Amino acid sequence: MNVFFHHLSLCAPLFLMVFLGWALVKIGMFSHSVTKALSQFVFKLLMPVMLFHLMSDGSNRPPVDWKVLIAFFGSCVVVYIIGNFLGGKLFKQDSTGRVITGMGGIFGNNVQLGVPIVQTSLGTAAMPTISLLIIFNVLLLWTSATACVEFGRTGGKIDWKKFLIALKNIFKNPIVLGILIGTGWSLTGLQLPEVIDKSAALVATATTPCALIVVGMGLAEHSFTVALPKASVITVLKLGIQPFLVWVFCVLLELDSVQTNAATVLACLPVAINLYIMATQFESEEGAASNAIFVSTFISALTVPLTLTLLGVGY
């Protein structure tokens with residue numbers, strides 16, 4: 001119990017920043033335009049620079065076992081199938097709606113919330129693992145969702161033009177670029193020039209609080225009451241089923257504790273804003289996606305410390 005309260009106190013300041021962002025918008029201090037601008041600032045500058053800085057020193061850390069991709073994305077396949085099935089069985093959703101429900105169970109807030117939580121709870125040793133997972137998460141999940149929706153809407157025919165555009169946009173993603181450039185630099189074995197290293201470190205210091213406040217500001221635009229039953233199913237899949245399956249697969253594949261903990265913590269994160277963007281783009285289940293983001297984020301304030309406790313992460 002003491003370990004749980006330790007992790008709760010460790011994560012509490014992070015989730016307090018989320019609540020602060022939510023409250024600032026709710027009291028009318030900042031408008032939607034400010035939220036959007038700050039979100040772009042975090043996504044396009046702060047987070048890529050921080051990930052570049054972390055990954056640029058990757059040559060001094062143990063290599064990542066690529067089996068972690070099998071563990072993480074193997075769970076994604078299982079959870080997606082369960083979510084897709086439940087969407088049709090419980091809520092009589094069409095093919096697009098079932099894709100949204102399935103993707104909701106696996107599309108976590110890995111960057112804005114995940115990076116600060118993993119860095120705080122597991123340390124920099126876990127960063128190469130989650131960076132690899134983030135890259136493939138962006139690469140596989142969005143393109144897979146696009147393919148599934150197009151497949152369902154057209155009766156088996158995929159619009160390859162849309163698919164290739166989605167694939168191309170992945171490699172324009174600032175987060176992906178930050179990770180790839182940082183990893184590329186680390187492979188040279190060279191240290192960053194001091195002025196760049198210190199400048200990037202200063203930016204990295206600002207990233208965590210800004211990213212967490214932005215998460216909260218974004219939550220203020222979502223509702224707690226819309227499509228609650230559907231959102232509840234998505235939340236259970238995301239916060240309960242996926243992290244359990246990731247842990248099981250990691251144990252079966254005999255991954256070390258650093259990679260097992262990193263992958264499991266990444267899997268236990270709440271639903272990402274990307275699900276709402278996806279739902280809006282596909283014009284399906286916007287209410288369920290919006291509510292799932294809100295509900296899962298606030299519940300994760302308890303489930304993330306619980307997951308860290310069950311993993312036996314020490315202090």
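Here is a short set of notes on the predicted model shown above.

1. **Overall make-up.** Let us start with the whole chain. The protein has 13 helices and zero strands. Following the sequence from one end to the other, you meet α-α-α-α-α-α-α-α-α-α-α-α-α.

2. **Inside and outside.** Of the 315 residues in the protein, 50% are buried. The accessible surface amounts to about 14,200 Å², and carbon and sulfur atoms supply 70% of that surface. Among contacts with a separation of 6 or more, 85% join residues 24 or more positions apart.

3. **Helix α4.** How is helix α4 placed with respect to the rest of the structure? This helix covers residues 95-104. It is largely enclosed by the rest of the structure, because eight of its ten residues are buried. If you would like to find them in the viewer, look for T96, G97, V99, I100, T101, G102, M103 and G104. The N-terminal end of α4 is capped by D94. A side-chain oxygen of D94 lies 3.2 Å from the backbone nitrogen of T96, and T96 is itself one of the buried residues of the helix.

4. **A serine in helix α8.** Next, have a look at S186, which belongs to helix α8 (residues 174-188). Is S186 buried or exposed? Its relative accessible area is 8%, and the cut-off for buried is under 20%, so S186 counts as buried. A polar atom of the S186 side chain lies 2.7 Å from the backbone oxygen of T183.

5. **Aromatic pairs, beginning with W66 and F136.** Searching the whole structure turns up seven aromatic pairs. One of them joins W66 and F136 in an edge-to-face arrangement, with 5.9 Å from centre to centre and 85° between the planes. This pair links distant parts of the chain, 70 residues apart. W66 sits in the loop between α2 (32-55) and α3 (67-91), while F136 lies in helix α6 (residues 127-154). The two partners fall into separate accessibility classes: W66 is exposed, with a relative accessible area of 54%, whereas F136 counts as partly exposed at 22%.

6. **The pair F294 and F298.** How are the rings of F294 and F298 arranged? Their centres are 5.1 Å apart and their planes meet at 45°, so the pair is tilted. Both residues lie in helix α13 (residues 286-310), four residues apart, or about one turn of the helix. As general background, an α-helix has 3.6 residues a turn, so residues three or four places apart point the same way. F294 counts as buried, at 13% relative accessibility, but F298 is partly exposed, at 32%. These two phenylalanines also belong to one aromatic cluster with F19 and W22.

7. **Salt bridges, beginning with K67 and D65.** How many salt bridges does the structure hold? There are three. In one of them K67 partners D65, with the closest N and O atoms 3.9 Å apart. Each partner is partly exposed: K67 has a relative accessible area of 31%, and D65 has 27%. You may like to view this bridge together with W66 from point 5, which is exposed.

8. **A salt bridge within helix α9.** The side chains of E194 and K198 also meet in a salt bridge, at 2.9 Å from N to O. Both residues are part of helix α9 (residues 194-219), where they are four residues apart, about one turn of the helix. Both E194 and K198 are exposed.

9. **A salt bridge across the sequence.** Which parts of the chain does the salt bridge between E285 and K230 link? E285 is in the loop between α12 (274-282) and α13, and K230 is in helix α10 (residues 228-252). They are 55 residues apart, so the answer is distant parts of the chain. The N to O distance in this bridge is 3.1 Å. E285 is buried, with a relative accessible area of 19%, and K230 is partly exposed, at 22%. The cut-off for buried is under 20%, so these two values fall on opposite sides of it.

Note on methods. Residues are numbered from 1 along each chain as its sequence is written. This is a predicted model: local features need pLDDT of at least 70, side-chain atom pairs count only at pLDDT 80 or more; totals for chains, interfaces and linings use all residues. Side-chain values use heavy atoms; hydrogens and water are left out. Helices (H or I, at least four residues) and strands (E, at least two) are DSSP runs, numbered from the N terminus. Buried means under 20% relative accessible area, exposed over 50%, partly exposed in between (1.4 Å probe, protein chains only). Contact means heavy atoms within 4.5 Å. Accessible areas come from the Shrake-Rupley method with a 1.4 Å probe; for residues, only the protein chains shown count as cover. A polar contact is a pair of N or O atoms within 3.5 Å; within protein, one must be able to donate a hydrogen and the other to accept it, and residues adjacent in sequence count only if both atoms are side-chain atoms. Rings of Phe, Tyr and Trp (its six-membered ring) pair if their centres lie within 6.5 Å; planes under 30 degrees apart count as stacked, over 60 as edge-to-face and the rest as tilted. A salt bridge is a side-chain nitrogen of Lys or Arg within 4 Å of a carboxyl oxygen of Asp or Glu.
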